[in-house]
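Visitor: I am new to this structure and would be grateful for a guided introduction to its interior.

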Amino acid sequence: GINAEYGVSVLYCPCAPDMSTDVTTYSDDKCLGAVAPSLELLVPVRGDKLSIEKGNIYVLYYFTTFYKGGYPVNEEFTKMYEELAKDATFVAISNEAEQEKLERFLGKQIVDENTKEPLRLEVPHVLHDEKKATAKTYADLSNLAIMSCPAMYIIDKEGKIAWRQQFLQTYMVKDSNFVAQLKHVIAGEPVDSNGPRPAVEVDEGEAADVADDDLALF
């Protein structure tokens, strides 16, 4: 079915990752170990204004209301909060263009069209990212052009990014090791590593062809 207000039958969303996106977080991702950017520009829509304080663990969830493929991740984030609320602060950050759309969305009851199960976003902190300014500071750390949603970050007790994970409609929290990584951080243990990003090997003949094509542009 189509939800006219939220454009539920979304085939493409500029904030949503392409289905062929490599969702692996590699050990040489420049955001890992970096000081987490400030949350001061975020506008609270549910709960109070937040700042990252040392000694606390935070889970940041970047999402949009208009990408239906991300709705099941909302429910997964809610369940994660319900399980681990005493160990971490869970913060949902909306990249909506308009705060009013977020407010309307939070007042709706969203259900899975197939199972009729609820797809909740019931965490105490939901904030609006005006002009995606905060998302950009996080994306820049990993040299990402944009913040593709849904995505989550774990901030450790030192105020540094311990892990980030990109999700897809076909790759959700249940398909990842995100909860295990969060539990490592809570326990003060190192997170599991996927190793560095594999080097891309380019055939010398192909490289020469590319160079010739580039010269042909001038």
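Guide: The following exchange concerns helix α2, the cysteines and the nonpolar cores.

Guide: This is a predicted model, in which local features need pLDDT of at least 70 and side-chain atom pairs count only at pLDDT 80 or more, while totals for chains, interfaces and linings use all residues. Residues are numbered from 1 along each chain as its sequence is written, and side-chain values use heavy atoms, leaving out hydrogens and water.

Visitor: Which residues are buried in helix α2 (residues 99-106)?

Guide: Buried means under 20% relative accessible area, with exposed over 50% and partly exposed in between (1.4 Å probe, protein chains only). Helices (H or I, at least four residues) and strands (E, at least two) are DSSP runs, numbered from the N terminus. In α2, the buried residues are Leu102, Phe105 and Leu106.

Visitor: Why do the buried residues of α2 line one face of the helix?

Guide: Directions are taken from the helix axis to the C-beta atoms. Seen down the axis of α2, the buried residues line one face because they fall within an arc of 95°.

Visitor: How many disulfides does the count come to?

Guide: A disulfide is a pair of cysteine sulfur atoms within 2.5 Å. By this rule, the count is 0.

Visitor: Which residues touch the most other members of the largest nonpolar core?

Guide: Such a core is a set of buried Ala, Val, Leu, Ile, Met, Phe, Trp, Tyr and Cys residues joined through side-chain atoms within 4.5 Å. The largest has 30 residues, and its largest share, 5 residues, comes from α1. The residues touching the most other members are Phe77 and Met152.
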